[in-house]
Amino acid sequence: MAGARAPVVLWCGTVSLFADFVYERARSVTGLLLASLGDSALVVGVVTGAGEAAALALRLVSGPLADRTRRF
């Protein structure tokens, strides 16, 4: 039975790897995109910081909620 799941696990891992590539690449160019549109360094910093803060706050809320409800 474990051998039958191996292709599924490899497929999911590969998809996750490529999704991470896309996500991290998009995050890395956000500042350059905003700067190329004429925004100041302050705006770039505020937008990037707000995005990071929102992501971290969502993790703080969704993690304990998933633990309590057991709906992962």
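What percentage of the 72 residues in the protein is buried? Just 4%. Keep in mind that this is a predicted model. Here's a quick tour, from the overall form down to a pair of rings.

**Overall form**
- The protein's secondary structure comes to 2 helices and 0 strands.
- Its radius of gyration is 18 Å, well over the 11 Å that the globule rule gives for 72 residues, so the protein is more spread out than a compact globule.
- Along the principal axes, the C-alpha atoms fill a box of roughly 55 × 30 × 10 Å.
- The accessible surface adds up to about 6200 Å², and carbon and sulfur atoms hold 71% of that.

**Helix α2 and what follows**
- Helix α2 covers residues 41-69, which is 29 residues.
- From first C-alpha to last, helix α2 reaches 42 Å, close to the 42 Å expected at 1.5 Å a residue.
- Right after α2 comes Arg 70, which has a positive phi, near 60 degrees.

**Helix α1 and its nonpolar patch**
- Phe 18 sits in helix α1, which runs over residues 2-36.
- Leu 17, Phe 18, Phe 21 and Val 22 make a nonpolar surface patch of about 420 Å².
- Two of those patch members, Phe 18 and Phe 21, are 3 residues apart in helix α1, so about one helical turn separates them.

**The aromatic pair**
- To describe a pair of aromatic rings, you give the distance of the centres and the angle of the planes.
- The count here is 1 aromatic pair.
- Phe 18 and Phe 21 have ring centres 5.9 Å apart and planes at 65 degrees, so this pair is edge-to-face, the cut-off for that label being over 60 degrees.

Methods
Residues numbered from 1 in each chain as written. Predicted model: local features only at pLDDT ≥ 70, side-chain atom pairs only at ≥ 80, totals over all residues. Heavy atoms only, no water. Patch = residues over 30% accessible without salt bridge, like charges linked within 9 Å, V, L, I, M, F, W, Y side chains within 5 Å. Areas by Shrake-Rupley, 256 points an atom, 1.4 Å probe, with all protein chains shown as cover. Salt bridge = Lys/Arg side-chain N within 4 Å of Asp/Glu carboxyl O. Helix = DSSP H or I, 4+ residues; strand = E, 2+ residues; numbered from the N terminus. Expected span 1.5 Å × (residues − 1). Phe/Tyr/Trp six-rings, centres within 6.5 Å; stacked < 30°, edge-to-face > 60°. Rg over C-alpha atoms; globule rule 2.2 N^0.38 Å. Buried < 20%, exposed > 50% of the residue type's maximum accessible area, 1.4 Å probe, protein only.
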